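Here's a walk through one protein chain, written for someone who'd rather be at the bench. Have the sequence and the 3D view open as you read.

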Amino acid sequence: MKYVLLSVVTAAASLCSSGCGKTADNGKTVIELVHYKPEAVSFFEEMEEKFNSTHEDIELKISSPNDAMTVLKTRFVREDYPDIIGIGGDINFSNFIDAEMLADVSDFDGLADIKENYLETNENLEFVPTEGIYGVPYMANAAGVLYNKDIFDEHGWSIPETWDEFTALCDEIQKEGILPLYMGYKDTWTTLSPWNSAATSLSYATVCADVNKGKTTFSAEYREVAEQMKELLAYGPKDPVAYSYNDACTAFARGESAMYMIGSYAVPQIKSVNPDINIDSFVYPACRNKDDNILTSGNDLQFCVMENCPDKEAAYEVLRFFLEDANVQAYIDDQNAVPCKTGDFNLPSMLDGMSSYIEEGKIADFQDHYYPSEMAVDALVQTYLLDQDTDKFLKKFDTEWTRYNRDLIEKVQKYEKEHGGEEE
C-alpha cells in the first residue's frame, strides 16, 4: 500500500534536496536531525552543542518542531529531506518503511548494543516482512499502573499480581473511602492507556497482523479486553468522561485516588502539581495467572536514517554519539525513559515496580501503534465506555478496521498468497 503522500515521496526518494548533505562554510559535513519530541528540546539542544564541540568534520543541526510529523510530511512532499529523523515506533514508522523512505541500517555497529526485544518490536510493525533494519531504537516508555506509595504504605496494601488480586485491592480501597482509579477520559486518547495495558496481556503482539491476513477478527481477540475495560469503570469516578488528562493528573497528584492507569510520561505533569508525591508503578495485572502478565512497552524514540542521506557514515557517527552511555543516561534522567540499549543504567524510581519485566524483556508493544489514526480508536473506546455494548463495539471495531485498512489488507493477503503464508 502506498498512501498518496508517501507515493509522491517515494517517487522522489532518489533526489537529494537542499535539506540534506550540505557542506558548511567551514568545510564540515552537515547532518540534519529532525525529531518529534518537543518536550525534550533542552536535551537535544545540549546534545547538539556537545556534539559540535567534540567533532571536527561533522556539524549537527537538530530541529525540534512542535508538530513534527506534519512538518516532516510537508518537507517530504517538497523533496526537502533531513538526514536523520527521530520518531516513535508507530504507524508512521510502518508507512515510511512501506514507502521505501528509510535506509537499511543493518550495517550500523551500534545495533549490537540494542536490546533484541525492541528490535523485534520494530519488525512486527512492518506491514509485510521486509529484509533489513530501518530504525535504531533509543528510548522506550512503559505503561501500567502508577500508585501513591505513601497511601499504599499507610494502609499496608500489597501490589496485586493477578486480576483477582487487583479487583480485591480496588474493593478494599473503596471500603476505606478512597477512589481506586482516576480517569481522564474526556480526552479520548487517555482511554488507550488502560486499553493497551489490557490488550498486551489478554491479546497478543501480532493480532493486528493476523487480522490483516484474515486469520482472525477483533471480535474474537478483543472481547476479554473490552469486558475488562468496562469492569474498570466501577473503580473510577462516577462520570469518567467529565475529567481531562490534566484534571486526572492533578487529582492523582493531590491524593484524590490511590492509583492512576497511565504511562510513565505522565509523571512530570503529576509532579508539577505535587513535587513531593511518592510515586511507584506496577505492571497492570490483567491475567488471572500472574505469569501471563506482560508489560506494555514500545519504542518511544528511535533514529532512522533517510534513504537518500548522502553521507551515511556521518549519520552513523551521530547515532554513535547519542548511544554513548553518558548521553543515554542524560535522556533517561531528563524524560523518565527506559533505555533500549543494554547496560547498567539508573532507571527512574517510579519504574521500580516494572524493572524486573524491563530487565527480563517481558514486554510487548502498545497495540495502538498498529492502528491507523483515521480510525480514531480512542473515540471508539470512549463511546463504548459510555454505552457499554460490547457486541456493538467489537462489530464496529472490525468494520472500521476493514474500512481504513482495505488497501493494506489486500496487500498483506496478496503477499501471503505469493509466499505461501510463510514469513521471511
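Is Asn95 buried or exposed? Asn95 is buried, with a relative accessible area of 11%. You'll find Asn95 in helix H4, which covers residues 91-98. If you want a distance to check in your viewer, try Asn95 to Lys215: the two are 120 residues apart in sequence, and their C-alpha atoms sit 22 Å apart in space. One thing to keep in mind throughout: this is a predicted model.

## The whole chain

Stepping back, the protein chain comes to 19 helices and 11 strands. Its radius of gyration is 22 Å, close to the 22 Å that the globule rule gives for 424 residues, so the chain is as compact as a globular protein of that length. Along the principal axes, the C-alpha atoms fill a box of roughly 70 × 50 × 35 Å.

How much of the chain is buried? Of the 424 residues, 56% count as buried. The accessible surface comes to about 18,000 Å², and carbon and sulfur atoms account for 44% of that. As for contacts, take those between residues at least 6 apart in sequence: 79% of them join residues at least 24 apart.

On the charge side, the chain has 34 positive and 77 negative charges. The mean positions of the two sets are 6 Å apart.

## Salt bridges

How many salt bridges does the structure hold? There are 18. Here are three pairs, with their N to O distances.

| Pair | Distance (N to O) |
|---|---|
| Arg75 and Glu32 | 2.8 Å |
| Arg223 and Asp391 | 2.9 Å |
| Lys396 and Glu400 | 3.9 Å |

Start with the salt bridge between Arg75 and Glu32. Arg75 lies in helix H3 (residues 68-77) and Glu32 in strand E1 (residues 29-35), so this pair ties together parts that are 43 residues apart in sequence. Both Arg75 and Glu32 are buried.

The salt bridge between Arg223 and Asp391 links two helices. Arg223 lies in helix H11 (residues 223-232) and Asp391 in helix H18 (residues 390-404), so the parts they tie together are 168 residues apart in sequence. Arg223 is partly exposed, with a relative accessible area of 34%.

Lys396 and Glu400 make a salt bridge within one helix: both lie in helix H18, four residues apart, which is about one turn of the helix. What about their surroundings? Lys396 is partly exposed, at 40% relative accessible area, while Glu400 is buried, at 9%. There's also a network to look for: Asp109, Glu313, Glu317 and Arg320 are joined into one by salt bridges that share partners.

## Two positive phi angles

Now for some backbone detail. Ala376 has a phi near 50°, a positive value in a residue other than glycine. Where is Ala376 found? Look in the loop between strand E11 (363-364) and helix H17 (377-387). Ala376 is partly exposed, with a relative accessible area of 29%.

Gln388 is another case: its phi is positive, at about 60°, although Gln388 is not a glycine. This residue sits in the loop between H17 and H18. At 38% relative accessibility, Gln388 counts as partly exposed.

## A cysteine in a loop

Last stop: Cys309, in the loop between strand E9 (295-305) and helix H14 (312-322). Is Cys309 buried or exposed? Cys309 is buried, with a relative accessible area of 11%; the cut-off for buried is under 20%.

Which residues is Cys309 in contact with, leaving aside its neighbours within four places in sequence? Those are Asp83 and Ala315. Cys309 also pairs up with Ile31 as a long-range distance to check: the two are 278 residues apart in sequence, yet 8.9 Å apart in space, C-alpha to C-alpha.

Key
Residues numbered from 1 in each chain as written. Predicted model: local features only at pLDDT ≥ 70, side-chain atom pairs only at ≥ 80, totals over all residues. Heavy atoms only, no water. Rg over C-alpha atoms; globule rule 2.2 N^0.38 Å. Buried < 20%, exposed > 50% of the residue type's maximum accessible area, 1.4 Å probe, protein only. Contact = heavy atoms within 4.5 Å. Areas by Shrake-Rupley, 256 points an atom, 1.4 Å probe, with all protein chains shown as cover. Lys, Arg positive; Asp, Glu negative; His and termini not counted. Charge placed at Lys NZ, Arg CZ, Asp CG, Glu CD. Salt bridge = Lys/Arg side-chain N within 4 Å of Asp/Glu carboxyl O.
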